Amino acid sequence: MIKFTNNIYLIGDTMSDIRFFDALPEEAKNIRITVFVDEQGFENEIDEIDNSAVHALLFKDGKAVATARMFEKDNGKSFYLGRIAVLKEYRGLKLGSEIVNAMIEKAKALGAEKCEISAQCRAMGFYQKLGFKEFGETYLDEYCPHIHMEKDL
């Protein structure tokens, strides 16, 4: 269960400072470029969706270390999560799960009945642990295999 108090989210036994933004924060942009461009070799990281998405930043000891974004689909009945990234030195601390769960709770608060993602196939197990189920065929996005996944809220 997630409890909200201002920007502090109590998730299980951990507490994280997760903040939401209507515009892409510079810290989120930097995390995404570090993870997706520098580490994984993607070229097209920032796009027009950023202008209408809700962005989240997770702070650890005052430093932005993880990000995610979501945007509305189907007149608010569904939200699409994406650009979920955690800086390398902070992986393995369950921060990815924390930011995804916070985004799911935010989507629920906005009236969503479902969340969808386009997952890198290598991360499918991570999303399955969070309750997402794959659908459709795998496809390539910038030469990286992806699959659509969804979770009923």
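**Figure 1. C115, a cysteine tucked inside the fold.** C115 is buried, with a relative accessible area of 0%. This is a predicted model, so what you see here is computed throughout. On strand β9, the residue bridged to C115 is K151. That bridge sits in the pairing of β7 (residues 114-120) with β9 (residues 144-152), which is antiparallel and runs over 7 bridges. C115 also turns up in the list of residues touched by F79.

**Figure 2. The cysteines, and what they don't do.** How many disulfides does the model have? The count is 0. For C115, the nearest cysteine sulfur belongs to C121 and is 20 Å away, and C115 is in no disulfide. C121 isn't in one either: its nearest cysteine sulfur, on C144, is 7.3 Å off. A disulfide needs the two sulfurs within 2.5 Å, so neither of those distances qualifies. Buried or exposed, or something in between, for C121? With 25% relative accessibility, C121 counts as partly exposed, because buried means under 20% and exposed means over 50%.

**Figure 3. The β8-β9 hairpin.** Strand β8 (residues 133-141) is antiparallel to β9, and 6 bridges join the two. Two of the facing pairs are worth picking out: L140 has P145 of β9 as its bridge partner, and D141 stands opposite C144 in β9. The hairpin has 2 residues between its strands, and E142 takes a positive phi near 50° there. How many of the 9 residues of β8 are buried? The number is 0, so β8 lies largely in the open.

**Figure 4. E45 in its loop.** E45 belongs to the loop between α1 (26-39) and β4 (54-60). Don't let the word "loop" fool you: E45 has 5% relative accessibility, so it counts as buried. Which side chain does the side chain of E45 meet in a polar contact? It's that of R32, at 2.6 Å. Beyond its neighbours within four places in sequence, E45 is in contact with R32, I33, F36, V37, D50 and R83.

**Figure 5. R69, an arginine with plenty of company.** R69 is part of strand β5 (residues 63-73). At 3% relative accessibility, R69 falls under the 20% limit and therefore counts as buried. The side chain of R69 makes a polar contact with the side chain of D50, at 2.7 Å. Setting aside residues up to four places away in sequence, R69 touches R32, D47, I49, D50, A53, V54, H55, Y80, L81, G82, R83 and M103. Compare this view with the one of E45: R32, D50 and R83 are among the contacts of R69, and they're also among the contacts of E45.

**Figure 6. F79 and its surroundings.** F79 sits in strand β6 (residues 78-86). Its relative accessible area is 4%, which makes F79 buried. Not counting residues up to four places away in sequence, F79 touches M70, F71, E72, K73, A107, L110, A112, K114, C115 and E116. A53 lies 26 residues from F79 along the chain, and their C-alpha atoms are separated by 9.9 Å.

**Figure 7. Helix α2 and the glycine after it.** Helix α2 (residues 95-109) has 15 residues, which should span 21 Å at 1.5 Å a residue. How far apart are its end C-alpha atoms? They're 21 Å apart, so the helix agrees with that expectation. The buried residues of α2 are L95, G96, E98, I99, V100, A102, M103, I104 and A107. Two of these have already come up: M103 is one of the residues R69 touches, and A107 is one of those touched by F79. Just after α2, G111 takes a positive phi of about 95°.

**Figure 8. Stepping back to the whole chain.** The protein chain comes to 3 helices and 9 strands, and from the N terminus on the elements run β-β-β-α-β-β-β-α-β-α-β-β. Its radius of gyration is 14 Å, close to the 15 Å the globule rule gives for 153 residues, so the chain is as compact as a globular protein of that length. Along the principal axes, the C-alpha atoms fill a box of roughly 40 × 35 × 30 Å. Of the 153 residues, 42% count as buried. Among contacts between residues at least 6 apart in sequence, 58% join residues at least 24 apart.

Terms used: Residues numbered from 1 in each chain as written. Predicted model: local features only at pLDDT ≥ 70, side-chain atom pairs only at ≥ 80, totals over all residues. Heavy atoms only, no water. Helix = DSSP H or I, 4+ residues; strand = E, 2+ residues; numbered from the N terminus. Buried < 20%, exposed > 50% of the residue type's maximum accessible area, 1.4 Å probe, protein only. Polar contact = N/O pair within 3.5 Å; in protein donor to acceptor, adjacent residues only side chain to side chain. Contact = heavy atoms within 4.5 Å. Expected span 1.5 Å × (residues − 1). Pairing = 2+ DSSP bridges. Rg over C-alpha atoms; globule rule 2.2 N^0.38 Å.
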